[in-house]
Amino acid sequence: MNTELFGRATDYARGVLSELTYDDLQRPTPCEGWDAGRVVLHLADVIDILIGLLDTGTLVLPQTPRANDQGPLALVDERLTVLWHAFSVATDVTAVENAALAGAVELTTHGWDIGLASDRAHRIPESLAEDVLALVSAALDASARGENFASPVDVPSNSSASDRLVAFLGRVPRR
């Protein structure tokens, strides 16, 4: 079940967020034009989308993305707590699986984005990256990429799982 993987991704993202300083929120991420603070707020929006999926069984995107929240780190932590509660009371097994898969991918990927803002050598833990890559590579084909994921980036086959995952999701791994 993907909820175990989602739990590991949550722990990873919370760990990355716990190391950020206020100054780090202004630092650029690998996402062109996005600083760490904007990615953190995007993560709060993603979490709310997942809460909605668990509550209603429908994936609904927010009308207006969050911007300029004064406490983005606390906001994400609070929204993650609400999301875990939504998982605990959800009855739609398909929605739970979909939310867990999407959440694992989003938390892991954006955890990497945010981690690089404060540490250029940041890596996703290998076992987490391997497991997320196995799931996302089966679920994300060229037609499903849309505007959310860039084309995969070529990396050597002996690259770390962290580098292979972020490259698969259209990001250039940092060396």
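This passage walks through a predicted model, moving from its aromatic residues to its buried helices and then to one of its pockets.

A good place to begin is with the aromatic side chains. The structure holds three aromatic pairs. In one of them, the ring centres of F6 and W84 lie 5.0 Å apart and the ring planes meet at 50°, so the pair is tilted; an angle under 30 degrees would have made it stacked, and one over 60 edge-to-face. This pair links distant parts of the chain, since F6 belongs to helix α1 (residues 2-18) and W84 to helix α3 (residues 72-89), 78 residues apart. The two partners also differ in how much of their surface is accessible. F6 is buried, with a relative accessible area of 0%, whereas W84, at 31%, counts as partly exposed, because the partly exposed class runs between 20% and 50%.

W84 has another aromatic partner, F87. Here the ring centres are 5.6 Å apart and the planes stand at 45°, so this pair is tilted as well. Unlike the pair that joins two helices, W84 and F87 both sit in helix α3, three residues apart, which separates them by about one helical turn. The general geometry of helices helps here: an α-helix has 3.6 residues a turn, so residues three or four places apart point the same way. F87 has a relative accessibility of 10% and therefore counts as buried, the limit being under 20%. Taken together, F6, W84 and F87 form one aromatic cluster.

Another ring takes part in a contact of a different kind. The charged end of R38 sits over the ring of W34, at 3.8 Å from the ring centre.

Attention now turns to the buried residues, starting with T108 in helix α4 (residues 93-118). With a relative accessibility of 0%, T108 counts as buried. Leaving aside residues up to four places away in sequence, T108 touches A9, Y12, I124, L128, V132 and L165. One of these neighbours, V132, lies in helix α5 (residues 126-139) and is itself buried, its relative accessible area being 1%. With the same sequence neighbours set aside, V132 touches L5, A104, V105, T108 and L165. The contact with L5 shows how the fold brings together parts of the chain that are far apart in sequence: V132 and L5 are separated by 127 residues, yet their C-alpha atoms are 7.6 Å apart in space.

L165 appears among the contacts of T108 and among those of V132, and it leads on to helix α7. Helix α7 (residues 161-168) is mostly covered, with seven of its eight residues buried. These buried residues are A161, S162, D163, L165, V166, A167 and F168. Just after the helix, G170 takes a positive phi of about 90°.

The last feature is the second largest pocket, which has a volume of about 250 Å³. Its lining is made up of 13 residues, and Q26, G37, L41, N68 and D69 lie nearest the centre of the pocket. Which helix gives the most to this lining? Helix α2 (residues 36-56) does, with three residues. In chemical character the lining is mixed, dividing into five nonpolar, four polar and four charged residues.

Technical notes: Residues numbered from 1 in each chain as written. Predicted model: local features only at pLDDT ≥ 70, side-chain atom pairs only at ≥ 80, totals over all residues. Heavy atoms only, no water. 1 Å grid on protein atoms, 1.4 Å probe; cavity = no way out; pocket = protein on both sides within 12 Å on 5 of 7 lines; lining within 4 Å. Points joined across faces, edges and corners; volume = space filled by probe spheres on them. Helix = DSSP H or I, 4+ residues; strand = E, 2+ residues; numbered from the N terminus. Nonpolar A, V, L, I, M, F, W, Y, C, P; charged D, E, K, R; others polar. Phe/Tyr/Trp six-rings, centres within 6.5 Å; stacked < 30°, edge-to-face > 60°. Buried < 20%, exposed > 50% of the residue type's maximum accessible area, 1.4 Å probe, protein only. Lys NZ or Arg CZ within 6 Å of the ring centre and 35° of its normal. Contact = heavy atoms within 4.5 Å.
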